[in-house]
Amino acid sequence: MQAIVETVKYPMLEIHTKKIYDNVKYMVDLCNEKGIEVAGVVKGFNGLPKVVDQFVEAGCKYIADSRMDQIISLKEYGIKIPMMLIRIPMMSEIEELVQYVDISLNSEKETIDRIEEECKKQNKNHKVVLMFDLGDLREGVFEEEELIELATYIEEKLQHVELGGIGTNLGCYGSIKPTKDNLGKLCMLAEKIEEKINRPLEIISGGATSSIPLLLDGHMPKKINNLRLGEGILLAKDLDEFWGYDMSPFHQDTFVLKAQVVEVKNKPTHPIGEIFIDAFGRAPTYEDHGIRKRALLAVGKQDFALDDKLIPQMEGVKIVGSSSDHLIVDIHDCKEDIKIGDVIDFHMYYPPMLYLSGSNSVSKVYR
């Protein structure tokens, strides 16, 4: 907690750029030792340029993002290393794709043909990484022969669209765990395509943060030479809590929410009256713990989305719940006497980082 500072605007997202650089550099070096290049995924903090600078300086081979507007802003800001669009391109953004993006992930022949047409108009080349669905059931070609045929088609028939490689995504929708076996299947497909086109593929992308355990355990198939990494190098919390890996070499306080207290009251812990639904159409349940001292903070779901993914840093503070614009915390057991205007710090998991970094109502301060 810290006392009110008149010139500072809250809620605030405090961003520690040196710690982010340290995290990225550690992971880039670890990957490079295994022959793997890192595409630094910057969508988790909405492509804030000063943070992207740390990815570039720490040695990422590519900057990867899912949002075209963020890529355009980063290009105009002056980022020089290759840009990778990691969401399948929409037909409506093909013109901007060719103009601003170096590499994109694709799975549809119709989209690739449209990219070829636009490349001719702009007299430019564009690389594609063909995505293969290993069972997570989000993006990607599902049949092996279709993938091989599409790769051969690009290599032999198209003049401006270049076959950069193949890749996969695991864990984001179907919660499928990357393993030596399923990534081994991707490597086997890469070998078949290389034999067909008579050259090595530049990129064989083995997924995202969820693939890091294979790297740490020494089980990553040798042919994998690219990973698309964001949360695992920004917060390093998922691998720590959900996978049980020691992430002590990484800073986990790279992003800190600072929220200001606007009310302190003793109140019942169970709502009074007939319980119906909350502002989001849900019917929550409540436990009655009697009268407790609470603080109301001026930040809400509109800013961080999920209050259970925030981690209070003051001993004794417990998150009770939130609405669109308010966060309610129990401060009954705090040793410190919390007053109006005081500021409480929170570390976070991935969802609040994503929302807070994109909220115009949250000030950004770089340390």
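## A negative patch and some backbone exceptions

Glu108 counts as partly exposed, at 47% relative accessibility. The model described here is predicted. Glu108 sits in the loop that runs between β5 (103-106) and α5 (109-122).

Glu108 also belongs to a negative surface patch. The other members are Glu110, Glu143, Glu145, Glu146 and Glu149. Which helix gives the most to this patch? Helix α6 (residues 144-157) does, with three residues.

Glu14 is a buried glutamate, with a relative accessible area of 9%. Glu14 counts as buried because that value is under 20%. Strand β1 (residues 12-15) holds Glu14. Beyond its neighbours within four places in sequence, Glu14 is in contact with Thr254, Phe255, Val256, Lys258, Val365 and Arg367. Lys265 is 251 residues from Glu14 in sequence, and the two are 28 Å apart in space, C-alpha to C-alpha.

Now the backbone. Most residues other than glycine have a negative phi, and most peptide bonds are trans. Tyr10 and Pro11 are joined by a cis peptide bond, with omega about -5 degrees. Pro11 lies in the segment before β1.

Asn46 and Ala236 are next. Asn46 is not a glycine, yet its phi is positive. Ala236 is not a glycine either, and its phi is positive too.

| Residue | Phi | Loop between | Relative accessibility |
|---|---|---|---|
| Asn46 | about 55 degrees | β2 (37-41) and α2 (49-57) | 24%, partly exposed |
| Ala236 | about 55 degrees | α9 (231-234) and α10 (238-241) | 0%, buried |

Notes: Residues numbered from 1 in each chain as written. Predicted model: local features only at pLDDT ≥ 70, side-chain atom pairs only at ≥ 80, totals over all residues. Heavy atoms only, no water. Patch = residues over 30% accessible without salt bridge, like charges linked within 9 Å, V, L, I, M, F, W, Y side chains within 5 Å. Areas by Shrake-Rupley, 256 points an atom, 1.4 Å probe, with all protein chains shown as cover. Salt bridge = Lys/Arg side-chain N within 4 Å of Asp/Glu carboxyl O. Lys, Arg positive; Asp, Glu negative; His and termini not counted. Charge placed at Lys NZ, Arg CZ, Asp CG, Glu CD. Helix = DSSP H or I, 4+ residues; strand = E, 2+ residues; numbered from the N terminus. Buried < 20%, exposed > 50% of the residue type's maximum accessible area, 1.4 Å probe, protein only. Contact = heavy atoms within 4.5 Å.
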